[in-house]
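Good morning, colleagues. Please take a moment with the sequence and the structure, and then I shall begin with one helix and work outward.

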Amino acid sequence: MPSAVQVPPDKCAFDHAATRRNWQRARLRAGAMLPLVVLLLLATLTVMGLLGDRHGSPPMWMRIAGFVCLVAAPFVFAAALYSLGPVLRLRRIRRVLREYPWEYRAAVRPCPGVKDVMALPVQLRTEPGGAWSKAMRAINPLQRKRWSGAMEQGAWFAGDPEFGGVIAEPGGRELMTLERGSRTPLEEYRAITRDTDRIARAKRAGLASLGAGLRG
């Protein structure tokens, strides 16, 4: 079983060479489809523009191309948004990893009885046999709800236990964003807001806004 000693001592998690390599590989996979999607989008806009500027009856090939573009345009636009999502999420991961170091967590498990259409509800355990955290939302940037089960035997965490952050298999593999999944009690919220250094660090890492996020 992985131990806390194996967590790299780097000042920030992105200084860990293996973590950085794993992030770069994920970034290449996430961006692989973007050039093709952009070309399709530009081609669609170009053909539609030519049809709009042309006077008189266009040739048959142009009418067929225009019809195909008209039908395909919503799908190309949706594909562009879908391809951009993982890239943006990986940028968020890098921002957190550049601010926080890796910390060891004894286990991360899917949260029993909690459902989320867009994310995987999980709970973290800091020490073996310790209490589980409140439910949080984990998202794999490449395959949104992919879960290998490896983190149930130990995981790495970078971020703030209240605001969220990043979780990964030991070694910095299978990076996932981690977001709050529930409200913060009022007294705890007040205590957090008094810790200006903690709040400033969370903001630098690009974690959720403190006022609206913690309460709502």
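On the face of helix 1 turned away from its buried side sit the exposed residues Arg-25, Leu-28 and Arg-29. I should say at once that this is a predicted model. Which residues of helix 1 are buried? They are Thr-19, Asn-22, Trp-23, Ala-26, Ala-30 and Gly-31. Viewed down the helix axis, these buried residues fall within an arc of 155 degrees, so they line one face of helix 1. The general background is that an α-helix has 3.6 residues a turn, so residues three or four places apart point the same way. The length of helix 1 can be checked as well: at 1.5 Å a residue, its 15 residues should span 21 Å, and the C-alpha atoms at its ends are indeed 21 Å apart.

Let me now place this helix in the chain. The secondary structure consists of six helices and seven strands. Read from the N terminus, the order of elements is α-α-α-β-β-β-β-β-β-β-α-α-α. The chain has 216 residues, and 39% of them are buried. Its accessible surface is about 12,400 Å², with 60% of that belonging to carbon and sulfur atoms. As for contacts between residues at least 6 apart in sequence, 65% join residues at least 24 apart.

I turn to the interior. In soluble globular proteins, nonpolar side chains tend to be buried together. Here the largest nonpolar core has 25 residues. Which of them have the most contacts inside that core? The list is Ile-93, Leu-97, Tyr-100, Trp-102, Val-166, Leu-175 and Leu-207. Two or more residues come from each of helix 1 (17–31), helix 3 (60–97), strand 5 (155–160) and strand 6 (164–169). Helix 3 gives the most, with five residues. Apart from this core lies another, of 12 residues, including Val-122, Leu-124, Met-176 and Leu-178.

Leu-207 deserves a closer look. Setting aside neighbours within four places in sequence, Leu-207 is in contact with Val-96, Tyr-100, Asp-160, Phe-163, Gly-164, Gly-165 and Ala-202. One of these partners, Asp-160, belongs to strand 5. Is Asp-160 buried or exposed? At 6% relative accessibility, Asp-160 counts as buried. Residues up to four places away in sequence again left out, Asp-160 touches Tyr-100, Arg-198 and Leu-207. Asp-160 and Tyr-100 are 60 residues apart along the chain, while their C-alpha atoms are separated by 8.3 Å.

A second aspartate offers a contrasting case. Asp-10 is located in the segment before helix 1. With a relative accessible area of 26%, Asp-10 is partly exposed, since burial requires a value under 20%. Not counting residues up to four places away in sequence, Asp-10 touches Asp-15, His-16 and Pro-101. Which distance separates Asp-10 from Trp-102? In sequence it is 92 residues, and in space 7.9 Å from C-alpha to C-alpha. Trp-102 was named earlier among the residues with the most contacts inside the largest core.

Two further residues are worth a remark. Glu-174 lies in strand 7, which covers residues 173–180. The phi angle of Glu-174 is near 55 degrees, a positive value in a residue other than glycine. Glu-174 is partly exposed, with a relative accessible area of 31%. Ile-192 lies in helix 4, residues 186–194. Its relative accessible area is 3%, so Ile-192 is buried. The C-alpha atoms of Ile-192 and Glu-162 are separated by 9.0 Å, and these residues are 30 apart along the chain.

I close with the cysteines. How many disulfides does the structure hold? The number is zero. For background, a disulfide is a covalent bond between the sulfur atoms of two cysteines. Cys-12 is buried, with a relative accessible area of 10%. Cys-111 is likewise buried, and its relative accessible area is 10%.

Notes:
Residues are numbered from 1 along each chain as its sequence is written. This is a predicted model: local features need pLDDT of at least 70, side-chain atom pairs count only at pLDDT 80 or more; totals for chains, interfaces and linings use all residues. Side-chain values use heavy atoms; hydrogens and water are left out. Helices (H or I, at least four residues) and strands (E, at least two) are DSSP runs, numbered from the N terminus. Buried means under 20% relative accessible area, exposed over 50%, partly exposed in between (1.4 Å probe, protein chains only). Contact means heavy atoms within 4.5 Å. Accessible areas come from the Shrake-Rupley method with a 1.4 Å probe; for residues, only the protein chains shown count as cover. A nonpolar core is a set of buried Ala, Val, Leu, Ile, Met, Phe, Trp, Tyr and Cys residues joined through side-chain atoms within 4.5 Å. The expected span of a helix is 1.5 Å times one less than its number of residues. The arc is that of the directions from the helix axis to the C-beta atoms. A disulfide is a pair of cysteine sulfur atoms within 2.5 Å.
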